[in-house]
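Colleague: I have just opened this one and have never looked at it before. Could you walk me through it?

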Amino acid sequence: MSGEMLILVLLVITALGFDFTNGFHDTGNAMATSIATGALKPKVAVGLSAILNLVGAFLSVEVAATITKDVLNIQQTSGADAGEVVAGLTPATALLIIFAGLIGGILWNLFTWLFGLPSSSSHALFGGLIGSGIAAIGLSGVNWHGVFGKIIVPALLAPVIACVVAACGTWLVFTITRHLAESRKEQGFRYGQIASASLVSLAHGTGDAQKTMGVIAMALIVTGHLDASTVSHGLPLWVVASCAAAIAIGTYLGGWRIIRTLGKGLVEISSPQGMAAEASSAAIILTSSAAGMALSTTQVATGSILGSGIGKRGAQVRWAVAGRMAVAWLTTLPAAGLVGAASFYIAHLLGDVAGAVAIFVLLVAGSAYMYWRAQQNKVDAGNVNDDWDETTGSVLPADLPTDPGTTPDTPARSA
């Protein structure tokens, strides 16, 4: 096996690892409110979400095509040389840029999951790629026009639009059903939640699995294993199937810490609110996927849940939790970018193959450490719906031991 092929293999494995973290990091986007209201049992919810994520991944390649050309300037995007690496860049270096970017995305995903913060997996990936691109090539290594139009603008507008739409939907739902008995209303809307949450899961698979497909396609293009002109028409079946499986497995395992924050920490939510939030999220995510915009499903879902609290008179919204989420959103791109840049520098310093192996080992070690820390204070299907601890604001249920080193409240405030 050549050095370039070894780097490509490690990159594909790492990309599927990112897809896996994307799955469990974002399960709460679809299922947190259904779990919180009792519309679905926790294990049933994540199982249903996993199946629909798997199906959704096969429905479109528009977002994947966006990733291959609108984030990094490491390949020619038009003309007879389309797909060739840019002048002065070797295929091995291009692979290291993508590889390092993935590491930035994965480590930030795991860090925010550890603290129960629903940050954007999409922006973690983009931040990692942007950071490694700048480290390798400079500012010219980033397609700033594509980043601004397809990532930054949607990131600013999506949560606001989702919040407004969900607030209006929630107000409308409670206005129409104001004469119904509360118990009957809750029971009826729980069935509606199952349908709307399922639609969000399908939409999530359609959008987020494609981002990993796009990264793998970009690596295949720069190594000559894939023709850039064919991406918009479809990707190799093994790419689609492996990405669909990775995100589905991650979803099934359930990111319980983030599910708890979205379902119990942000808004004390009822079934009508949950259905309004999920329907709003699904509509916005599916529309953006069809337009090829790499939207953050986390920001959309969080905006919708917040809107469902605003739209119901007297609802309890925990603005301190919302503020910590906003801080995590703002820091995701630069933080993941710094990790991506550092990873590239390490790999470049050690040399192509040795560098790729070294940063892969660092990724495994860092991931294992954060997983171990999470197991010290475990949130799972059994305690995900426990009452929120108002005194600490921590994602951990009150009956769990709170070690200052592992409790997310303090680090979250300083994030």
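Colleague: What share of the 415 residues is buried?

Modeller: In this model, which is a predicted one, buried residues account for 60% of the 415 residues in the protein.

Colleague: And how much surface does the protein expose?

Modeller: The exposed surface comes to about 15600 Å², and 68% of that is supplied by carbon and sulfur atoms.

Colleague: OK, now the fold. How many helices and how many strands are there?

Modeller: The protein has 14 helices and zero strands, so if you read along the sequence you meet one α after another, from α-α at the start to α-α at the end. With a radius of gyration of 21 Å, close to the 22 Å that the globule rule gives for 415 residues, the protein is as compact as a globular protein of that length.

Colleague: What box do the C-alpha atoms fill?

Modeller: Taken along the principal axes, that box is roughly 70 × 45 × 30 Å.

Colleague: What part of the contacts comes from residues 24 or more positions apart?

Modeller: If you take the contacts with a separation of 6 or more, 83% of them are between residues 24 or more positions apart.

Colleague: Switching to charges, how far apart are the mean positions of the positive and negative ones?

Modeller: There are 19 positive and 22 negative charges in the protein, and their mean positions are 12 Å apart.

Colleague: Which residue forms a salt bridge with Arg-318?

Modeller: The partner of Arg-318 is Glu-268, and the closest N and O atoms of the pair are 2.6 Å apart. This salt bridge links distant parts of the chain, 50 residues apart, with Arg-318 in the loop between α11 (297-310) and α12 (319-350) and Glu-268 in the loop between α9 (256-265) and α10 (271-290). The count of salt bridges comes to one.

Colleague: Why does Arg-318 count as buried?

Modeller: Its relative accessible area is 8%, and buried means under 20%, so Arg-318 falls in that class. Glu-268, in contrast, has a relative accessible area of 31% and is therefore partly exposed.

Colleague: What about Ser-270, where does it lie?

Modeller: Ser-270 lies in the loop between α9 and α10, and at 8% relative accessibility Ser-270 counts as buried.

Colleague: Which residues is Ser-270 in contact with, leaving aside its neighbours within four places in sequence?

Modeller: Those contacts of Ser-270 are with Thr-37, Phe-174, Glu-186 and Lys-312. As for Lys-185, its C-alpha is 9.7 Å from that of Ser-270 in space, although the two residues are 85 residues apart in sequence.

Definitions and conventions. Residues are numbered from 1 along each chain as its sequence is written. This is a predicted model: local features need pLDDT of at least 70, side-chain atom pairs count only at pLDDT 80 or more; totals for chains, interfaces and linings use all residues. Side-chain values use heavy atoms; hydrogens and water are left out. Helices (H or I, at least four residues) and strands (E, at least two) are DSSP runs, numbered from the N terminus. The radius of gyration is taken over C-alpha atoms; the globule rule is 2.2 Å times the number of residues to the power 0.38. Buried means under 20% relative accessible area, exposed over 50%, partly exposed in between (1.4 Å probe, protein chains only). Contact means heavy atoms within 4.5 Å. Accessible areas come from the Shrake-Rupley method with a 1.4 Å probe; for residues, only the protein chains shown count as cover. Lys and Arg count as positive and Asp and Glu as negative; His and the chain ends are not counted. The place of a charge is taken as NZ of Lys, CZ of Arg, CG of Asp or CD of Glu. A salt bridge is a side-chain nitrogen of Lys or Arg within 4 Å of a carboxyl oxygen of Asp or Glu.
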